[in-house]
Amino acid sequence: MGRVKLRNIHTEPLPAMRLVGRRYTNFNRGPGGGYGEKWCEAQEPDGLLSQLNALPHPAGVEHGCLGFMRCDGTDEGFEYWIAVFCPAGADVPEGLDFLDLPAGEAGVCWLFGREKDGIFGQHGKCEKALKKRGLLPGTDPQGCKAFFERYAARWEQPDRKNRVILDYGIYLQ
């Protein structure tokens, strides 16, 4: 079994934006304990992802569906969103949730590998790589840490060994 490798560790300035999508918590995650079932539902024809992909995205921010997470360090304070970044103040379609995000900066690592290699769940590896570069995780005005998996075009283009790139971003101080 191969390992997940970090590539292209960099920072990205993020303008004030509106996160639009569906919000889940530890209390409404899937029966397997994660959010994979929610992603399967979202991928159904005319499902959440088709609705999200039709929304406008902010200039200068790479587009991709997100697994966006926020936490205040408690089980009750964990949020998982299947969402997209939209321009600040964007209209929110009926039935979707939103969160207004202040301008900030994210440290981003490209995770290169396959799902069976453990491409998901690499938060600690990315955080460690960012800290080595002097980039420290921050909190939002409510005291929550924020981080995201971004399924950009690189995710859709596996190489000959079926490896993909998953963007992993952590909001910085």
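## A106 and its partner

In this predicted model, A106 sits opposite Y171 of strand β8. A106 falls within strand β6, which covers residues 104–113. Strands β6 and β8 run antiparallel and are joined by eight bridges. Another facing pair is C109 and Y168, the latter in β8.

## Strand β8

Strand β8 covers residues 164–171. How many of its residues are buried? Eight of the eight are, so β8 is largely enclosed by the rest of the structure. Here, buried means under 20% relative accessible area.

The cover reaches both faces of the strand. On one side, V164, L166, Y168 and I170 are buried. On the other side, I165, D167, G169 and Y171 are buried too.

Strand β8 also pairs with β7, which spans residues 145–151. These two strands are antiparallel and share four bridges. Across this pairing, F147 stands opposite I170 of β8.

## Strand β6

Strand β6 has ten residues, and eight of them are buried. It is therefore largely enclosed by the rest of the structure.

Which strand besides β8 is joined to β6? Strand β1, residues 5–14, is joined to β6 by eight bridges. Strands β1 and β6 run antiparallel. In this pairing, H10 faces V108 of β6.

Now put the pairings in order. Strand β1 pairs with β6, β6 pairs with β8, and β8 pairs with β7.

## The whole chain

The protein has three helices and eight strands. Along the sequence they follow the pattern β-β-α-α-β-β-β-β-α-β-β. Of the contacts with a separation of 6 or more, 77% link residues 24 or more positions apart.

How does the overall size compare with that of a compact globule? For 173 residues, such a globule would have a radius of gyration near 16 Å. The protein has 16 Å, which agrees. The C-alpha trace spans about 45 × 35 × 35 Å along its principal axes.

## Inside and surface

Buried residues make up 47% of the 173 in the protein. The accessible surface comes to about 9100 Å². Carbon and sulfur atoms account for 49% of that surface.

Charges come next. There are 22 positive and 23 negative side chains. The centres of the two sets lie 12 Å apart.

Terms used:
Residues numbered from 1 in each chain as written. Predicted model: local features only at pLDDT ≥ 70, side-chain atom pairs only at ≥ 80, totals over all residues. Heavy atoms only, no water. Rg over C-alpha atoms; globule rule 2.2 N^0.38 Å. Buried < 20%, exposed > 50% of the residue type's maximum accessible area, 1.4 Å probe, protein only. Contact = heavy atoms within 4.5 Å. Areas by Shrake-Rupley, 256 points an atom, 1.4 Å probe, with all protein chains shown as cover. Lys, Arg positive; Asp, Glu negative; His and termini not counted. Charge placed at Lys NZ, Arg CZ, Asp CG, Glu CD. Pairing = 2+ DSSP bridges.
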